[in-house]
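Student: I've got a structure open here and I'd like to learn how to read it. Can we go through it together?

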Protein chains: 2
Amino acid sequence: MTVFSADEVEHLHRTALRVLAELGIKVLLPEARDLFRAAGARVKDDMVFLDAALVEEAVAKAPKAFTLHARAPLFDMTVDEHTVHFGAGAGCPNVTDLERGRRPGTLQAFRETTRLQQQFDIISKLTPSAEPQDSPVHIRHLETMEIMLLDSDKTPWIFSRGRGQVEDSFRCVALAKGLSDDAFCEGAHTFTVINTNSPRQLDKPMSQGIIDFARWNQVSVITPFCLAGAMAPITVAGALTLSHAEAMAGIALAQIVRPGAPVVYGAFSSNVDMKSGAPVFGTPEHLKANFGAGQLARHLGLPWRSAAGTAANLADSQAANETQLALWGALLGGANFIYHAAGWLEGGLTFSMEKFICDMEVLQTVAMALQGASASDDEIGFDSLAQVEPGGHFFDAPQTMERYKDAFYEPLVSDWSNYGQWTDAGAVPSEARATAIWKRALAEFAQPAMDPSCRAAVLDFIARRKAEGGAPLLD
Amino acid sequence: MTVFSADEVEHLHRTALRVLAELGIKVLLPEARDLFRAAGARVKDDMVFLDAALVEEAVAKAPKAFTLHARAPLFDMTVDEHTVHFGAGAGCPNVTDLERGRRPGTLQAFRETTRLQQQFDIISKLTPSAEPQDSPVHIRHLETMEIMLLDSDKTPWIFSRGRGQVEDSFRCVALAKGLSDDAFCEGAHTFTVINTNSPRQLDKPMSQGIIDFARWNQVSVITPFCLAGAMAPITVAGALTLSHAEAMAGIALAQIVRPGAPVVYGAFSSNVDMKSGAPVFGTPEHLKANFGAGQLARHLGLPWRSAAGTAANLADSQAANETQLALWGALLGGANFIYHAAGWLEGGLTFSMEKFICDMEVLQTVAMALQGASASDDEIGFDSLAQVEPGGHFFDAPQTMERYKDAFYEPLVSDWSNYGQWTDAGAVPSEARATAIWKRALAEFAQPAMDPSCRAAVLDFIARRKAEGGAPLLD
């Protein structure tokens, strides 16, 4: 799905390059400015001006496709223009469920949301759904890494909160796989999300994150969060121009550090409610921004990351509709990573366990629907058509009997009983039915198999680094 | 979106033709069998066998595009392969809302649901959302026509429940526009939905409906309701083959009666819950069937009708998600009419006033999102980008001030306030907020302007026909 003509895409791209060359981008980390300067950029105080050739040459070095290796080969991910991966809601300070209510995130909530992500195959890799505020900030990266690496064999996410924390985290991932630092750097094993501070600003931890992930050959998902009318122009075209400029600047930095470093072009542009300034999702403008961002990503030839989302305050119709509208915006925009596709509420302020389950149903349905169908003679079943009289039924036709067990998708939370049965069963809405489902998923959870020596090495490393005081946040 | 290769589409089409030629279709109305026989079909008892050439020649006479004329020119509809029209949930025996609960449909409910459809421009034409069971069957067509023609200037729907009722209804529509019978027959002013009795059966009222609508040059939307695993084979390909065969038989009958009669190719194929046999919607199979049905419609070159829907028993997340999944299935299948896109619950057994409002938000959002965007210099706003410092905001940028009033979609039922504000306001879910919205829409309703002599003519005709005893149902 597209919103711009080819000429318009080229014009947006050229204007974004003009933004970087003429207006520049503020880069707060001296090390990053030095790298840009050494690559030929003009630097004035903390402003970096990048000419079009520099940007385009650097961006051209980014790989069009790569593999993101999980601990379990089953969860290795091909990242390219042709695949789509769904991620759970990330970075939520609060969690909620119908039994315990809305509360600040804790390590226990982080553990539960990690286990839920592990239990559903439609989630390709881990995101930190709940922010564990009971874990001290200097060791939070270690405590969350322990949970991600022991409770899951999918690819873990690392927050770029300073070099010490990032390098500790890299070593945890390497140890979990029994890899030396050098062997680890030969492939992509983990990823981070870089949010620019729109408009036109890269802060210290984000700049350092790009540098460190590139140096270690790990994946930066470089995602301006350009909300039209707030941190970005009020138009879709303006917001995307800014987003495109910032994404290219980040990608250029990664490629300056290490040509060929794996990156994902990120674009998460929606709009704000002009009455309150709050971000909103699943709006017409959000969908259009997704269609346009996909065109810009394809213009660069890079895999791209988008996101679903909702501003709703509970898992109701609004939450379902906004999340799904945003999801289709991303899907039809051709996004390859779609984050915040499950469990996100309140524009990301809260992760809902019930919403996560309801969203699993949508993602599973979409994935199955996009698998195509066959029209072989056997599928069409002319003989089966001939066996059933006009006005009859196919309930016991031979073709039905052969296939009924797995012909159709089996629902997770949808209740297809009739009104009488549903009423007799207590008239429970889907959101409330979801409670039993996440509880069962957690009850049935078992840690995935792990090489005992790797497991011990991870735990030893984490214990040692905690004893040493962890690592500071970079502000 | 497609699920079949071009060869597979051709193979499905050929197999459907084989079904009509070799297995035949049971046609319960003698008049329809006579018409088929006169056109060259082989008829044996109540079975009609149509060879491929007869079907293809007849179907080729159907117009690829036509205009459906409303009483208000604003609501005239272009029906072709390139436009999409949304319809409300139709044919529901029950209605529900949060104030009055679930109850059988009445004339009052029919009036309210008609007025709601009139109030939202995203609904292109009327459908009979609630079945008014307090209206005697022999005059129900007159009492509903009075409501549709006086409370709305959009195109009304007529049920094919027998020639007497259909012709009464045609005359009502003609009188409402001040047209003679002859002038009425010069253009399309109303439509019916023809449901075959799958598998391979056309009952008496449906056959007669096709004949009468074709004779009067009005629109038949010929829609097999082929539920995989129940009235149709358990596979998507099998269900679509049957659906395609039945739709072509109905279209052929219309073209035999009057070459060039306006028809819409209908396909409403989903699957059943194999545990209960109940129809379900928004499933992967439903989406695939939509993608495939669109390919078959385009193979014939005809506008086509699909439907959204849900099996949920209340307007919860499940209802929202299933309806929207089904909606996107129809949209991506390229459907031109999408029925049951608002208000439908319980697989069509109940029309929900609140669900209607929540669905309005989705349809309005989709329609706006698909309008495209501009990337002119003015839209991009390079100057605006230059005016805002790095890390600043665009809330008071000149471009924002110029455009903020109508830059973004204004929500109908979505609440974008934050958690604290929302909690202070009573923590009301979207479904419950919708109650005030439909009540306001009904309170603000005013009958659209109507030529007084036309209005009097309609009322006189209806009063006379009621006094004469109305018209019988054809069983």
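**Reading two chains together**

Tutor: Let's start small: the side chain of B:Ser417 makes a polar contact with the side chain of B:Asp415, at 2.6 Å. A polar contact is a pair of N or O atoms within 3.5 Å; within protein, one must be able to donate a hydrogen and the other to accept it, and residues adjacent in sequence count only if both atoms are side-chain atoms. Before we go on, this is a predicted model, where local features need pLDDT of at least 70 and side-chain atom pairs count only at pLDDT 80 or more, while totals for chains, interfaces and linings use all residues. Residues are numbered from 1 along each chain as its sequence is written, chains are lettered from A and ligands numbered from 1 in the order in which they are written, and side-chain values use heavy atoms, with hydrogens and water left out.

Student: Leaving aside neighbours within four places in sequence, what is B:Ser417 in contact with?

Tutor: First find B:Ser417 in the loop between helix H15 (398–403) and helix H16 (419–424) of chain B. Helices (H or I, at least four residues) and strands (E, at least two) are DSSP runs, numbered from the N terminus. Contact means heavy atoms within 4.5 Å. With the neighbours within four places set aside, B:Ser417 touches A:Ala311, A:Asn313 and B:Trp422.

Student: How much area is buried between chain A and chain B?

Tutor: Buried area is the accessible area (1.4 Å probe) that two parts lose on being put together, summed over both. The contact takes 106 residues from chain A and 106 residues from chain B. Carbon and sulfur atoms give 66% of the buried area, which is about 9,100 Å².

Student: Which residues of chain A lose the most area to chain B?

Tutor: Look for three residues that together make up 9% of what that side buries. They are A:Phe382, A:Phe408 and A:Trp416.

Student: Which helix gives the largest share of the side of chain A that touches chain B?

Tutor: Across the interface, the rule finds 44 residue pairs in polar contact (both at pLDDT 80 or more). On the side of chain A that touches chain B, nine residues come from the helix you want, which spans residues 317–332. That's helix H11 of chain A.

Student: Which residue forms a salt bridge with B:Lys275?

Tutor: Side chains of opposite charge can pair when their charged atoms come close. A salt bridge is a side-chain nitrogen of Lys or Arg within 4 Å of a carboxyl oxygen of Asp or Glu, and across the interface of chain A and chain B the rule finds two. For B:Lys275, the closest N and O atoms of the pair are 2.8 Å apart, and the partner is A:Glu410.

Student: Why does that pair join two chains, and is B:Lys275 buried or exposed?

Tutor: B:Lys275 lies in the loop between strand E13 (271–272) and strand E14 (279–280) of chain B, and A:Glu410 in the loop between helix H15 (398–403) and helix H16 (419–424) of chain A, so the pair joins two chains. Buried means under 20% relative accessible area, exposed over 50%, partly exposed in between (1.4 Å probe, protein chains only). A:Glu410 is partly exposed at 48%, whereas B:Lys275, at 70%, is exposed.

Student: How far apart in sequence are the parts that B:Asp181 and B:Arg171 tie together?

Tutor: These two form a salt bridge with the closest N and O atoms 2.8 Å apart. B:Asp181 is partly exposed at 29% relative accessibility, and B:Arg171 is partly exposed at 30%. B:Asp181 lies in helix H7 (residues 181–184) of chain B and B:Arg171 in helix H6 (residues 163–176) of chain B, so the parts they tie together are 10 residues apart.

Student: Which strands stand at the edges of the open sheet E2-E3-E1-E10 in chain B?

Tutor: Two strands pair if DSSP finds at least two bridges between them. This sheet has four strands with mixed pairing, and strand E1 (residues 25–27) of chain B pairs with E10(B) in the parallel sense over two bridges. Each edge strand has a single partner strand, so one side of each is left without a neighbour in the sheet: they are E2 (42–44) and E10 (201–202) of chain B.

Student: Which residue in E11(A) stands opposite A:Phe191?

Tutor: A:Phe191 and A:Val193 point one way from strand E9 (residues 191–194) of chain A, A:Thr192 and A:Ile194 point the other way, and all are buried. Four bridges join E9(A) to strand E11 (residues 219–222) of chain A, and the two run parallel. Opposite A:Phe191 you'll find A:Val219.
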